[in-house]
Amino acid sequence: MTEEMNYRDQFSRLSELQSSGDNEECWREFYTEDIVRRITGLAPLIGRDACRQQVQSFLDGLTAPQKIEPTASAFDDEKQVSILEFRHDFSHREYGAISQMQTHVQRWREGKIYEENIYIINLET
């Protein structure tokens, strides 16, 4: 019998790493090599390297610090799912000033995210 994973704790650790700026370690420690990531309006990304490169490209285009304000979270240890909602405000050289709500649905396997669906609603700025 395997010990049930606590995804709230896993997410807390992931958030700490993200806040520290260690994106490489985030991807290595918390995402499977074969992750599938779907973002509203974009083609699916398959593989940890493709996802990491997409996120790094986004970060490289920021023209000011981004603001991320968590608004809701839910964790289902039995189904191995975490759901996170937050407001995301940023300024990007390609997109301009953006305010949006994002919901991330993350499915976990053996302590790592193997599927992530990101739903985006753009807000008036």
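Colleague: By class, what does the lining of the largest pocket have?

Modeller: Bear in mind that this is a predicted model, where local features need pLDDT of at least 70, side-chain atom pairs count only at pLDDT 80 or more, and totals for chains, interfaces and linings use all residues. Residues are numbered from 1 along each chain as its sequence is written, and side-chain values use heavy atoms, leaving out hydrogens and water. A pocket is an open set of points on a 1 Å grid over the protein atoms alone where a 1.4 Å probe fits, with protein on both sides within 12 Å along at least five of seven lines, and lining residues have an atom within 4 Å of a point. Sorted by class (Ala, Val, Leu, Ile, Met, Phe, Trp, Tyr, Cys and Pro nonpolar; Asp, Glu, Lys and Arg charged; the others, Gly among them, polar), the lining has 20 nonpolar, 17 polar and four charged residues.

Colleague: Which residues lie nearest the centre of the largest pocket?

Modeller: There are 41 residues lining the largest pocket. Nearest its centre lie Gln66, Phe86, His88, Gln102 and His104.

Colleague: Why is the pair of Phe58 and Phe90 edge-to-face or stacked?

Modeller: Rings of Phe, Tyr and Trp (its six-membered ring) pair if their centres lie within 6.5 Å, with planes under 30 degrees apart stacked, over 60 edge-to-face and the rest tilted. For Phe58 and Phe90 the centres are 4.9 Å apart and the planes sit at 80 degrees, so the pair is edge-to-face.

Colleague: Is Trp27 buried or exposed?

Modeller: Buried means under 20% relative accessible area, exposed over 50%, and partly exposed in between (1.4 Å probe, protein chains only). Trp27 has 5% relative accessibility, so Trp27 counts as buried.
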